[in-house]
Amino acid sequence: MQCVKVLGGVVGAAALLGLGIILGHFAIPKGTDSPAPSVSVPQDLDLELLETVMGQLDASRIRENLRELSKEPHLATTPRDEALVQLLLQRWQDPESGLDSAGTSEYEVLLSFPSQEQPNHVDVVGPTGDIIHSCRRSEENLTGEQGGPNVVPPYAAYAPPGSPQGLLVYANQGTEEDFMWLSNQGIQLQDTIVLTRYGGIGRGAKAVNAAQHGAAGLLVYTDPGDINDGKSLPNETFPHSWGLPPSGVERGSYFEYFGDPLTPYLPANPSSFRLDPANVSGFPPIPTQPIGFEDAKVLLCNLQGILAPAAWQGGLGCDYRLGPGFQPYGIFPAGSQVNMSIYNRLELRNSSNVLGIIRGAVEPDRYVLYGNHRDSWVHGAVDPSSGTAVLLELSRVLGTLLKKGTWRPRRSVVFASWGAEEFGLIGSTEFTEEFFSKLQERTVAYINVDISVFANVTLRAQGTPPVQSVIFSATKQIPAPGTSSLSIYDNWIRYSNRSSPVYGLVPSLGTLGAGSDYAPFVHFLGISSMDLAYNYDRSKTSARIYPTYHTAFDTFDYVDKFVDPGFSSHQAVARTAGSVLLRLSDSLFLPLNVSDYSETLRSFLQAAQQHLGALLKQHSISLGPLATAVEKFEGAATVLDQHISTTQKGTPDPLQVRMLNDQLMLLERTFLNSRAFPEESYYSHVLWAPRTGSVATFPGLSNACSRATNTGAGSAAWAEVQRQLSILVAALENAAATLRPVADL
């Protein structure tokens, strides 16, 4: 074992050195196994070539990619995960459709797995210790794919081992407000086992909140009212519909941060300093286990105590009560308790990223990154393989054009397959740590396509404001799937829209949190980023996500039969992502509209003035400097837009173009402040950090005001409000300065 680990470290170090050379010296032409013919590079986006790419993206090929990717479980670092690494390398090194170069980088990271020798189990035990009911240890084998030896049993990654036992209490979604409400009702939580449902807050936060209120253990389930529109019978759910079956269990990481837990802010190379696992923050503090709603029904429908509030009720077909403990005259004897036996263990494992690179012809030192993770909890047909199937098809089409000599991008294109995302965005975070300075200096944008198709109704796009315009431009030119004559843009606006003071009615562009690999690029590096997918009609379902998420029922047949028959929505996402990629890689002027940030800043400012202004005034804190900073930004953005427009009409000098593009590219970086949120690892973006305050404004200001509301004048909390305001003003003034003519010092 030690020999294998040392060998892996040597190979990984060699691969990382190679990738550093690849990323760092694009300006030097390099030979490849199959040299691409020379090609005349157009000065701007070639619309004819764009149409060619759109026409060559093949739904049937995406379907076959997905069949191959999801035919076996591929949990991070398992043999099948490593086999997919080789598949990606094979595709990207293909002599007829491959890229300029491809390689892997390996990181030694801390992961969490259930014990194979001692399976986790949850039981109801009577007063004498006899087992009265045992929860399922695995999901029901409905299609022959749920019972294989490589199907990892349901577990809560990074939850500690332990065997707590206690009375059961129902705590809704496990938010701090939920636990406070229980306490206010006089319900004792000390040494209890708490049952919560998924939703509302992150997985790890449920465990933290439960522990802070004295719970000894945590159970989590998916309520059919939250995922199946209340349908819970076996004949109403998969394999008869796309609904979650009663035995379905959502696996997931309960680590609250992202990246390798032992090497924060450092790449997880063999030589890197590592924390003692006992000192790592962000792990769930108490034993935790997810269960299916068929077992949750047995537990929840037999609780005693007062009736839970209406908002806490669900779709299990009974009245939800709070406990603690079970009804004395029900199916369990008086005094019965829940026992949890959890045997998770931490392991250092080698996890690989795969990079495929197309060298830019004119600006090889400017990178357009396109990525998705590769690992899944089980088969992972939707999450993440639907995204990887699209990634492989897009890279095939572009690679074929490259090898034929008919195209080479203006800027370099980097395709990435990240490892160990499901454990906490590990592969992408380690990559950003490894190449922090290089990526900050040279990356134009990051495109993330993780789950490419949640369902087949409409596009769902999320991103930072500058990418809105390029997504809109791309989707206006691509037909929506189906028989209508609508574009993706026109179809999108039917299902999700907002009224813009600048543009009128437009599709809604969502914001980026930390749900996928875009997080380190936005929050840590300050790179303009987006996430693209097809989604369902939210007006027709209450599902918080596709029902078989992170279960053993997320299979190829599930996608083929229920999610996207015909794969036309996968093709639509491939076309959207491909069009956006080409516009970013080939356009003379970067299609990033910095003025779209003005609308966001103005709305944040107005929310602060309306909802916080009076409170701040009581404490002699003025929003005037912030308002002035927003105005400065708006003015600078308008002037830059006019300058670009004027320059485009002439014959611009290449250096002029480069300077203007750098202003567009670097704007996002100006919103970073590494000391703004010391309690939040990796979150540096002052506009998109997590917001816990109720006012939808600048997150640091909202959070600080929320904490200061019930404190006295002159308290440390009000000093923090002033600090956050100063941070915002400085960031906005720096942003405005970045947009002004570069000669204006």
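How many of the eleven residues of strand 13 are buried? Keep that in mind while I set the scene. This is a predicted model.

Take strand 13 now, residues 363-373. Ten of its eleven residues are buried. Buried here means under 20% relative accessible area. So strand 13 is largely enclosed by the rest of the structure.

What follows strand 13 on the way to strand 14? The chain leaves strand 13, runs through helix 9, residues 381-404, and arrives at strand 14. This β-α-β crossover is right-handed.

Now the pairing. Strand 14 covers residues 411-418 and is parallel to strand 13, with eight bridges between them. One position to look at: Leu 369 sits opposite Val 414 of strand 14.

Strand 13 also has strand 15 as a partner, residues 443-448. That pairing is parallel too, over five bridges. Here Val 368 has Ala 445 of strand 15 as its bridge partner.

A general point on strands. In a regular strand, side chains alternate between the two faces of the sheet.

Next, another sheet to find on the screen. It is open, with four strands in the order 3-2-11-5, and the pairing is antiparallel. Which strands form the edges? Strand 3, at 131-134, and strand 5, at 165-166. Each of these pairs on one side only.

Look at strand 2, residues 121-125. Strand 2 joins strand 3 in the antiparallel sense, through three bridges. Within that pair, Val 124 faces His 133 of strand 3 across the pairing.

Back to the opening question, then. Ten of eleven: strand 13 is largely enclosed.

Key
Residues numbered from 1 in each chain as written. Predicted model: local features only at pLDDT ≥ 70, side-chain atom pairs only at ≥ 80, totals over all residues. Heavy atoms only, no water. Pairing = 2+ DSSP bridges. Helix = DSSP H or I, 4+ residues; strand = E, 2+ residues; numbered from the N terminus. Buried < 20%, exposed > 50% of the residue type's maximum accessible area, 1.4 Å probe, protein only. Right-handed = clockwise from strand over helix to strand, strands pointing away.
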